[in-house]
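Student: I am new to this structure and would like a close look at one part of it. Could you walk me through it?

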Amino acid sequence: MIAAHFFDGHSARLQPVGLDVRAGHLHVDAPGFERSYPLAAVVLAEPFDNAPLMLRLADATCEVPCGPDRQALLAALGYRRSGVERWQARWPAVVLALVLLLALLGAGFVWGVPAAADYVAARLPASVDTTLGRAALAGLEAQHMLAPSRLSDDRIADVEALLPRALPAHPRVPVRLLVRASDTLGANALALPDGTIIVTDAMVRLVLDKDNALDDTGKARLLGVIGHEVGHIERRHATRAMTGSSLTAAVSAALFGDFSAVAAGVPAVLTQMQYSRAMELEADAYAVTVLRRNGLAPDCLADALRALERQQPGQDKLPRWLKRPMTYLSTHPATAERIARLQAAEAHP
């Protein structure tokens with residue numbers, strides 16, 4: 001007889017019992033108490049060393065403390081360790097499994113999530129872009145990061161006149177260009193999902209000549225910048241980036257818990273999303289197409305990037321989440337790669 005603790009499933013009361021296996025049944029005996037369960041109905045939880053055995057008996061549970069009778073009971077129940085259990089008992093196998101798991105998770109985040117994000121984003125209606133764009137613009141204004149432009153009306157009109165030259169024959173969504181002052185963003189341009197392109201006063205001043213005029217060279221550089229932002233809009237990069245950020249957060253929550261934080265954090269995703277390296281290069285390629293269509297060299301955009309690299313106004317005050325997404329201001333090495341690619345496009349039209 002093997003000593004055990006019996007829980008009837010109706011109360012938390014522990015009842016000491018004895019267990020015995022005979023005639024294909026597990027017999028549970030105690031003074032004034034006796035039950036019998038077919039062995040086929042007994043579910044044995046995976047046993048662990050130095051831990052009680054857990055037996056599930058229909059609606060009841062039986063706990064067998066560690067002791068000399070443990071192995072005898074396992075043998076009587078016909079227990080045999082599975083291949084997985086034998087494998088996980090060997091530390092080299094555990095290390096290999098951990099490495100494979102990390103590799104699988106890494107591949108999922110690097111390739112799986114972006115692919116899923118593109119699939120989901122491609123099936124989202126255009127109304128989602130509109131909602132996201134309005135929310136993003138409202139967020140920038142609420143944080144007082146944008147203010148009315150301090151440039152003259154004529155200068156603003158010159159900048160706005162560049163937009164039609166950067167648009168395709170049939171834009172995916174209506175596109176508008178806003179010129180805004182921003183001490184925080186400095187020389188910058190960004191595209192919102194709804195088709196709004198924001199160009200800062202400092203960005204315009206950056207391409208002015210020494211006489212403070214927006215000459216043809218300055219217009220060409222600014223056209224490259226605007227063409228890059230139109231590329232983000234046409235390729236729907238903002239929505240794809242937002243979807244990817246949301247999926248990453250959802251997968252992380254599913255793996256590590258606290259799924260409710262995903263729903264609560266969705267608004268923050270709009271201001272934390274980052275364009276991938278591939279998206280930035282894709283937008284650059286679109287800008288090259290725009291420049292060539294206007295009879296201009298790809299190096300015009302490279303010149304704007306070089307000027308931004310030299311200036312970097314407000315970099316120390318720039319919020320961390322804006323140092324890479326939707327901006328040219330970053331000194332990240334990717335900028336040098338982008339310039340090199342534009343120079344290669346210049347050399348091989």
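Student: By class, how many nonpolar, polar and charged residues does the lining of the second largest cavity have?

Tutor: Happy to help! Please keep in mind that this is a predicted model. Let's start with the whole protein and then move inward. The protein has 349 residues, and 41% of them count as buried. Its secondary structure is made up of 13 helices and 11 strands. If we take the contacts between residues at least 6 apart in sequence, 61% of them join residues at least 24 apart. On the outside, the accessible surface comes to about 18,400 Å², and carbon and sulfur atoms account for 58% of that.

Now for the empty space inside. Rolling a probe the size of a water molecule over the atoms reveals where such space is left. In this structure there are 2 cavities of 30 Å³ or more. The second largest cavity, the one you asked about, holds about 40 Å³ of space. It is lined by 11 residues, and the closest to its centre are Leu192, Pro193, His232, Ile233 and Ala238. Two or more lining residues come from each of these elements: α8, which covers 216–234, and α9, which covers 237–256. The largest share belongs to α9, with 3 residues.

That brings us to your count. Sorted by class, the lining of the second largest cavity has 6 nonpolar residues, 3 polar ones and 2 charged ones. To find the place in the 3D view, you could start from Leu192 and Pro193, then look for His232, Ile233 and Ala238, since these five names mark the residues closest to the centre of the cavity.

Technical notes
Residues numbered from 1 in each chain as written. Predicted model: local features only at pLDDT ≥ 70, side-chain atom pairs only at ≥ 80, totals over all residues. Heavy atoms only, no water. Helix = DSSP H or I, 4+ residues; strand = E, 2+ residues; numbered from the N terminus. Buried < 20%, exposed > 50% of the residue type's maximum accessible area, 1.4 Å probe, protein only. Contact = heavy atoms within 4.5 Å. Areas by Shrake-Rupley, 256 points an atom, 1.4 Å probe, with all protein chains shown as cover. 1 Å grid on protein atoms, 1.4 Å probe; cavity = no way out; pocket = protein on both sides within 12 Å on 5 of 7 lines; lining within 4 Å. Points joined across faces, edges and corners; volume = space filled by probe spheres on them. Nonpolar A, V, L, I, M, F, W, Y, C, P; charged D, E, K, R; others polar.
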